[in-house]
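Open your viewer and get ready to click along. We will go from one selection to the next, with a short look at each stop.

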Amino acid sequence: MTDKSALEAVVPPRPVQWGVILVWVLVLGLLAVVGLGLIRTQQGNIGVGARAPDFQLTTFSGSTVDMADLGGKVVVVNFWASWCIPCEQEAVELETAHQQFKDQGVVFLGVNYVDTESEALAYLDRFGITYDNGPDLGTRISQAFRIRGVPETYIVGRDGRLAHVKIGPYESLSEIQTAVNASMEE
Amino acid sequence: MQRSLKVYLVLMAIAAPVLIASAAVQPPPPSDDEVNAIAHQLYCPVCENVPLDVCPTQACAQWRATIRDKLAQGWSEAQIKDYFVEQYGERVLATPPARGLNWLVYVLPPAAFLAGAFVLYRAFRSGGQNSEPLVPTAPDADGDPYVARLEEELRRRS
């Protein structure tokens, strides 16, 4: 009889402690869920150079705008809300820029974030906004862009990648023009 | 003069039942309590961790107005909550629906509690079996040669 077998004869093998294993699995699972949540919240906005998320926007007039159909164009995606005071600061300038660039292959889209339709339509009417606007149904578009608030504007280049990101309102029309022109040249 | 009075009385006699009936059919406008009962179950994504019924922002005031409008239109609580989920996503709900990954919210806490109770039970049980006696016992003569020798010596002398 070898030493090992002698030892096994004296000391019985320890039973598998399923309870302890289950506890560890639960604890690690809980930590994984919390960790994934933290990573998502800490990610921040998608940055310049990243591929722009594909989305469909159902406008207030009922038509659907699909990003996939806008390939090869520069797309200005502006997130706004009627309750957002800083959004008012850039509303007229965005419409003016839309009028200037609409014949140059630049599409302006307004994504209405966490708002009520009646207030949103009143806002569009007040500032004379004519480019396509629609609600962010289920906040899916804002989640795809990982926005942190409104206003935020993302300019998608012809190659489908983000060419410009503006957090907060544009200060002037020239700032919008500069950003759009730079995105068109890329 | 008398003729116009008669016409007026006839018109009133015709119109009165209609007015009374319409007043009886018209439901009362939703009260603040009714609005807040639903608003309390919703969270505005803009104001984190603040229920809609006590949220002071303009966005939340608009949402409460929407709830009031929907209630006035005869919508049920479930219909209104579905509408908000469709518009703003499931994260507006104070209680997430038990499907998909949301199940973890309902399963993990009680499972962790039960697992903790099991671990405590095991710890107490094994601790009770292995615990040392609090009162020291007399030394075992069989195990200690000096004690055995001492006892032998005492027996011889007694």
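## A cavity to begin with

The largest cavity holds about 50 Å³ of space. Keep in mind as you look that this is a predicted model. A search of the whole structure finds one cavity of 30 Å³ or more. Rolling a probe the size of a water molecule over the atoms shows where empty space is left.

To see the walls, select A:Asn78, A:Trp80, A:Cys87, A:Glu90, A:Ala91, A:Leu94, A:Tyr123, A:Ile129, A:Tyr131 and A:Asn133, which line the largest cavity. Which element gives the most to this lining? Colour helix H3 of chain A, residues 85-101, and you have found it: H3(A) gives four residues. Strand S3 of chain A also supplies at least two. By class, the lining of this cavity has seven nonpolar residues, two polar and one charged.

## Next stop: the sheet

Now show chain A as a cartoon and look for an open sheet of five strands, in the order S5-S4-S3-S6-S7, with mixed pairing. Select S5 (132-135) and S7 (162-167) of chain A: these strands stand at the edges, and each has a single partner strand, so one side of each is left without a neighbour in the sheet. Turn the sheet a little to follow its twist, which averages 15° from one strand to the next.

Move inward and select S3 (residues 74-80) and S6 (residues 152-156) of chain A, which run antiparallel and are joined by five bridges. Click on A:Val75 and you will find A:Val156 of S6(A) opposite. In a regular strand the side chains alternate between the two faces of the sheet.

Then go on to the neighbouring pair. S6(A) and S7(A) also pair in the antiparallel sense, over five bridges. Which residue of S7(A) is the bridge partner of A:Ile155? Select A:His164 to see the partner of A:Ile155. The hairpin of S6(A) and S7(A) has five residues between the strands, and in this hairpin A:Gly160 takes a positive phi near 85°.

Before leaving the sheet, add helix H6 of chain A, residues 173-185. H6(A) lies across S3, S4 (106-112), S6 and S7 of chain A, and runs at about 160° to S7(A).

## Two unusual spots in the backbone

Most residues other than glycine have a negative phi, and most peptide bonds are trans. With that in mind, zoom in on A:Val114, a residue other than glycine with a positive phi near 45°. A:Val114 sits in the loop between S4 and helix H4 (117-126) of chain A.

Next, select A:Val150 and A:Pro151, which are joined by a cis peptide bond with omega of about 0°. You will find A:Pro151 in the loop between H5 and S6 of chain A.

## Zoom out: domains and the largest pocket

Colour chain A by its domain assignment, which gives domain 1 (3-42) and domain 2 (56-185). How many Å separate the centres of these domains? Taken over C-alpha atoms, the separation is 51 Å.

The last stop is the largest pocket, with about 1,800 Å³ of space. It is lined by 38 residues, and those closest to its centre are A:Arg40, A:Thr41, A:Gln143, B:Glu48 and B:Arg91. The elements that give two or more residues to the lining are H2 (18-42) and H5 (140-145) of chain A, together with H5 (103-130) of chain B. H2(A) gives the most, with eight residues. The lining draws at least three residues from each of domain 1 and domain 2 of chain A. Colour the lining of this pocket by class to finish the tour: 23 residues are nonpolar, nine are polar and six are charged.

Notes: Residues numbered from 1 in each chain as written. Chains lettered and ligands numbered in written order. Predicted model: local features only at pLDDT ≥ 70, side-chain atom pairs only at ≥ 80, totals over all residues. Heavy atoms only, no water. Pairing = 2+ DSSP bridges. Axes fitted to C-alpha atoms, helices over the stretch in contact; angles between N-to-C directions. Contact = heavy atoms within 4.5 Å. 1 Å grid on protein atoms, 1.4 Å probe; cavity = no way out; pocket = protein on both sides within 12 Å on 5 of 7 lines; lining within 4 Å. Points joined across faces, edges and corners; volume = space filled by probe spheres on them. Nonpolar A, V, L, I, M, F, W, Y, C, P; charged D, E, K, R; others polar. Domains from an automatic or database assignment.
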